[in-house]
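Hi,

Here is the structure I promised to pass on. Have a look at it first, and my notes follow underneath.

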Amino acid sequence: MDPIPAASAIADAALPAHAAAPMPQRRLWRRMLGNPGLVVAALVLGLIAIMAVAAPLVAPHDPYEQSLDTRMTPPAFVDAERSDPAHLLGTDNLGRDYLSRLIYGARISLLIGFFTMLVSGVIGTVLGIAAGYFGGRTDMVVSFLVTTRLSLPVVMVALAVVAVLGGSLQVVVLVLGLLLWDRFAVVMRSATMQVRGREYITAARAIGCSVPRILWGEVLPNVLSGLVVIASYEMAQAILLEAALSFLGLGVQPPLPSWGLMVSEAKEFMLFEPWMIMLPGAAICLLVLAINLLGDGIRDITAPEGRS
Amino acid sequence: MNAASPILELRGVHKRYGVGGGLMARRRTLTAVAGVSLRVERGEVLGLVGESGCGKSTLARMILGLEAPSEGEVLLDGRPIASLGRLERGRLVQPVFQDPYSSLNPRRDVASIIGLPLIVHGVGTVAERRDAVAEMLGLVGLAPRHAEAFPSQLSGGQRQRVAIARALVLRPTLVVCDEPTSALDVSVQAQILNLLLDLKERLGLSYLFISHNLAVVHMLAGRVAAMYLGRVVEEGEAGRVLGAPQHPYTAALLASALTPDPSLGLPAMRLGTVFPNPLALPSGCAFHPRCPAVFERCAREAPALLPCPGGGRAACHLTGQDQHQAA
């Protein structure tokens with residue numbers, strides 16, 4: 001009796017059916033393109049990102065160049081008579097080109113959103129995975145930290161800290177990053193607890209893998225899809241908070257063109273030139289919407305257990 | 001390596017867990033394993049049988065070094081397991097688990113799963129590791145093209161082959177198989193069992209084979225140990241234990257095995273409906289509340305694991321008294 005060839009013949013016979021199925025990458029692509037929200041969000045986000053990166057090339061004017069003669073020129077679609085073809089979206093109260101300021105403002109929003117998400121993501125993921133994997137006392141400490149963090153009102157604390165330290169890009173990123181990690185921690189903790197019980201973790205321990213290797217190679221790749229979704233929400237959250245802080249005059253300082261700051265500067269003229277407050281407001285809305293849609297889309301295409 | 005010592009020796013191993021406990025509730029002790037002493041010789045297959053919750057898997061986890069015994073010693077290759085580093089331990093003993101859907105990391109492809117132990121142990125160069133993985137694939141009866149597949153693209157039997165390849169790539173001496181076939185289709189079970197038998201011969205492995213399927217144990221194991229509530233109640237050569245059981249519990253296990261003949265109906269286990277509670281162990285012999293042959297001494301005195309007539313050992317007051325019930 002020679003069981004091996006016979007067994008392998010059966011094992012092989014089972015393969016063609018699987019081999020005919022598309023590879024995971026191609027299936028993922030198809031599922032991505034089948035999700036309109038995700039496609040639109042990716043396009044909008046991509047466009048804003050390209051604009052932000054290539055701002056000096058894309059922007060028609062210097063965003064800081066003032067021209068007091070042409071203050072508050074409305075865009076053509078608001079008032080064709082007063083509009084100036086050189087300023088597609090008009091000028092602000094100091095005569096600076098509005099379109100250029102919006103384009104440069106995208107830089108600030110994306111920068112703050114991205115780096116805040118990075119800071120809070122690293123803090124929250126490390127704490128969450130540690131709590132979920134080690135459990136026991138570590139879990140108790142992390143849960144206490146999360147509870148403490150949740151009892152702090154984000155806007156109040158951010159306002160207080162920025163008021164003391166002064167508003168700048170770095171301070172805003174750091175303060176928001178240190179305040180927005182709670183959701184990362186909570187989600188990563190529960191995802192890790194699920195993964196920890198799997199036998200491949202036990203197998204890795206039996207092999208003799210070190211704890212960092214298990215966390216990095218076995219746990220992290222299996223909680224990553226949840227992480228991407230949270231990251232997108234937190235990025236949107238950070239962008240909104242930066243706009244709020246800048247609106248209150250405690251975020252990015254003028255003359256830096258931040259969207260929140262532009263809303264703030266335009267609010268005095270809200271009744272006379274409403275387009276001035278609408279344009280940066282719409283930009284914030286669009287960016288946050290796109291990021292949220294992207295997060296939803298990623299969740300939808302990764303969540304169904306069709307993967308396994 | 002010490003050729004004289006058994007590859008695995010358990011000396012009075014206990015495992016207790018504290019459960020519950022709080023402001024008002026007293027913390028209670030759950031005894032999962034209560035004084036198990038067993039040996040697995042080189043090249044031997046020891047079958048470990050018993051119903052769910054009897055401590056088989058806890059025992060396996062201690063042998064793999066994933067949990068420390070509360071009392072007693074686990075010796076691998078004659079050395080206490082606590083004295084071995086995690087890499088050294090990994091080279092001596094490797095597991096094969098029950099559920100091949102949970103035992104493979106879904107984010108790694110097959111080559112990476114089988115190659116991981118080699119990387120962790122720093123074996124060979126990249127090319128040598130690739131060759132070793134290809135050799136393992138051949139040994140477990142998978143085609144070279146399976147190397148790039150992800151677990152989700154494989155069937156249950158193929159996944160179990162991958163799990164076996166991962167366990168054997170380091171060429172361990174002892175493999176702890178924790179119900180390696182009970183999650184598989186019956187037709188695939190036989191393939192996997194044949195594969196395990198064949199690999200044992202080719203690579204000179206020893207198995208601790210945990211199962212509740214007595215037919216599977218009979219096919220594979222040279223010796224069998226039956227566990228009940230954390231204790232070994234009977235132990236001996238497989239033919240003897242499964243042919244002429246000395247302990248009423250082993251006899252009941254055998255009687256409860258399903259047969260394909262429907263005219264026989266469902267087997268009667270004759271053990272009653274009283275389920276054992278590991279939090280409140282019965283007095284005397286742990287099995288006495290369910291034993292069909294119980295008498296007054298059983299509730300009073302715990303029987304020792306003593307040599308019995310047909311060879312091996314059994315823990316029952318009736319053994320050697322010639323009046324035992326082979327139910």
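**What I found in chain B**

Helix H1 of chain B (residues 56-63) lies across five strands: E3 (45-49), E6, E7, E8 and E9 (223-228). Against E7(B), H1 runs at about 150°. Bear in mind that this is a predicted model.

Those strands belong to an open sheet of 8 strands in chain B, with mixed pairing and the order E6-E7-E8-E3-E9-E10-E12-E11. Strands E6 (93-96) and E11 (306-307) of chain B are at the edges with a single partner strand each, so one side of each has no neighbour in the sheet. Further in, E7 (residues 174-178) and E8 (residues 206-210) of chain B run parallel and are joined by 5 bridges. If you want a pair to look up on screen, Val176(B) has Leu208(B) in E8(B) as its bridge partner.

Now for the other chain. The contact involves 35 residues of chain B and 26 residues of chain A. On the chain B side, the elements giving two or more residues are helices H2 (86-92), H3 (110-120), H5 (156-168) and H6 (186-203), plus strand E6. That side of chain B is made up of 14 nonpolar, 14 polar and 7 charged residues.

As for confidence, the model scores ipTM 0.85 and pTM 0.80. Chain B has an average pLDDT of 84, and 89% of its residues score at least 70. The stretch to watch is residues 322-327 of chain B, where pLDDT stays under 50, although the model has 19 contacts there beyond four places in sequence. Predicted coordinates should not be read in detail where pLDDT is low.

Cheers

Note on methods:
Residues numbered from 1 in each chain as written. Chains lettered and ligands numbered in written order. Predicted model: local features only at pLDDT ≥ 70, side-chain atom pairs only at ≥ 80, totals over all residues. Pairing = 2+ DSSP bridges. Helix = DSSP H or I, 4+ residues; strand = E, 2+ residues; numbered from the N terminus. Contact = placed C-beta atoms within 7 Å. Axes fitted to C-alpha atoms, helices over the stretch in contact; angles between N-to-C directions. pLDDT = per-residue confidence, 0-100. Nonpolar A, V, L, I, M, F, W, Y, C, P; charged D, E, K, R; others polar.
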